[in-house]
Amino acid sequence: MLCCTLKEKTFFEDHLQFNPPIFPNYSIKEFSENHINNIKRINLYSEVKFIHNVYYNINYPFIKIQCYSIKKVSDKNKKLICLYFKNISNNNNNKNNNNNIDNSLININNLENKNLTIVYSHDINTDLGRIYPFLLDMCQNLKCDIITYDYSGYGKSDGKPNIDKLNNDLEEVMNFIDTQLCIPFENLILYGKFIGCHPSIYISSLSKYCNIRGLILESPIYIDEDTEGNEKEFKHYLINNYNCLKNIITPTYLIYGKLNKMADFEKIQILEKQINECISWYPNHGKHYDMIIQYRINFYQKIKSFINYIKKSKLKIRKSVIDNKNESIFTNISKFNINNSLKY
């Protein structure tokens with residue numbers, strides 16, 4: 001029993017800490033005098049030429065990629081690097097022009113997911129260069145646009161990794177999406193993996209973003225006061241975010257592999273019960289890093305089913321009253337059962 005406890009403590013301490021790549025997995029080159037207000041558009045050149053050439057130029061001709069340097073509102077001397085993957089296959093299908101593009105490659109199902117955009121918050125040990133091919137693949141298969149970013153201190157984003165900046169970084173990106181890209185919140189799906197789940201939870205709980213269409217949580221961390229480990233700042237941050245779950249009425253999709261050792265599976269089931277409107281997928285042999293490799297077909301099929309469901313569901317407007325303790329009380333919320341609506 002003692003041996004098991006010590007092992008869990010070591011695992012917790014080894015993995016629950018910021019671990020950005022020592023050297024960014026991409027480089028950037030600025031365009032001259034090309035500004036959008038306080039936003040500078042910049043071009044992305046992946047240093048891993050294999051990823052750039054194979055995944056973008058050959059396999060994904062209908063994905064347009066733009067890279068932005070966002071000057072933070074909270075600190076204008078700092079910037080965040082943001083990537084925008086735009087699926088233009090539907091545009092090419094509608095134009096019907098002679099551009100030597102094989103229209104058989106265009107999936108007509110793209111019409112179902114038109115205008116939906118996933119805002120992706122990545123894992124704790126990666127950057128935009130590493131997840132670049134995965135997001136190209138996701139953009140192509142889900143027929144959605146994707147916006148992602150590097151946290152402070154990751155990749156080419158300024159600053160140092162800091163637990164206090166995680167929520168603020170995503171809020172800066174949401175402000176950019178709203179004011180510069182002019183994408184309505186009701187067309188957004190927040191998607192977080194591991195540590196990225198938690199700023200996504202926080203943003204979804206705010207009344208300002210109550211019309212966000214959906215929330216996807218892949219491999220979230222679940223800890224409580226009894227969890228052993230010395231990362232007190234992380235523990236405080238995570239527990240505070242879990243307290244936000246009761247304020248979220250956005251349809252939520254929870255993905256967690258049963259062989260994932262980042263948290264006890266029983267605790268993940270406890271987490272599911274705290275989510276108001278949730279459907280879960282627990283692949284039997286899923287681990288933390290191989291979900292998309294081992295379950296690629298099922299992975300995309302299930303997320304597509306969730307996206308198709310929330311596309312057809314009516315937006316719910318939540319009304320909240322903030323009391324002196326800053327706790328939200330929601331009224332007039334019509335419940336629905338996602339589990340009965342999605343047929344997998």
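Select V173 and display what surrounds it: apart from residues up to four places away in sequence, V173 touches I70, L80, V119, I147 and Y149, where a contact means heavy atoms within 4.5 Å. The model on your screen is predicted, so that local features are given only at pLDDT of at least 70 and side-chain atom pairs only at pLDDT 80 or more, whereas totals for chains, interfaces and linings use all residues. Residues are numbered from 1 along each chain as its sequence is written, and side-chain values use heavy atoms, with hydrogens and water left out.

**The core around V173**

Keep V173 selected and add M174, I177 and I195, since these four touch the most other members of the largest nonpolar core, which has 53 residues. A nonpolar core is here a set of buried Ala, Val, Leu, Ile, Met, Phe, Trp, Tyr and Cys residues joined through side-chain atoms within 4.5 Å; buried means under 20% relative accessible area, exposed over 50%, and partly exposed in between, with a 1.4 Å probe and protein chains only. Next colour helix α5, residues 166-181, which gives the most to this core, with seven residues. Helices (H or I, at least four residues) and strands (E, at least two) are DSSP runs numbered from the N terminus. A second, separate core of 38 residues can then be picked out through some of its members, including L83, F85, L128 and L135.

**Strands β3, β4 and β6**

Move to strand β4, residues 79-87, which is mostly covered, with seven of its nine residues buried. Strand β3, residues 63-71, runs antiparallel to β4 and is joined to it by nine bridges; two strands count as paired if DSSP finds at least two bridges between them. To follow the register, select Q66 and its bridge partner Y84 in β4, and then I63 with its partner N87 in β4. Because seven of the nine residues of β3 are buried, β3 is largely enclosed by the rest of the structure. Now show strand β6, residues 145-149, which is joined to β4 by four bridges and also runs antiparallel to it; here L83 stands opposite T148 in β6. As you step along a strand, bear in mind that in a regular strand the side chains alternate between the two faces of the sheet.

**Two loop residues with positive phi**

Select K143, which is found in the loop between α4 (128-142) and β6. Phi of K143 is near 55°, a positive value in a residue other than glycine, and K143 is buried, with a relative accessible area of 12%. Then go to S219, in the loop between β8 (214-218) and α7 (232-242). S219 is not a glycine, yet has a positive phi of about 55°, and S219 is buried at a relative accessible area of 0%.

**Q274 and the cysteines**

Q274 is the next stop, in the loop between α8 (265-273) and β10 (278-281). At 29% relative accessibility, Q274 counts as partly exposed. Leaving aside neighbours within four places in sequence, Q274 is in contact with Y222, Y242, L245 and K246, and its C-alpha lies 9.0 Å from that of N243, although the two are 31 residues apart in sequence. Two cysteines may also be selected: C197 is buried, with a relative accessible area of 0%, and C244 is buried at 14%. Taking a disulfide as a pair of cysteine sulfur atoms within 2.5 Å, the count comes to zero.

**The whole chain, and its confidence**

Zoom out to the whole protein, which has eleven helices and twelve strands, and in which buried residues make up 49% of the 344 residues. Of the contacts between residues at least 6 apart in sequence, 73% join residues at least 24 apart.

Finally, colour by pLDDT, the predictor's confidence in each residue, from 0 to 100: the average is 75, and 68% of the residues score at least 70. Among the elements, strand β5 (residues 117-121) has the highest mean pLDDT, 98, and strand β12 (residues 328-331) the lowest, 32. Over residues 1-11 the pLDDT is below 50, and this stretch has seven contacts in the model beyond near neighbours in sequence. Residues 96-113 also have pLDDT below 50, with 23 contacts beyond near neighbours in sequence. Where pLDDT is low, the predicted coordinates should not be read in detail.
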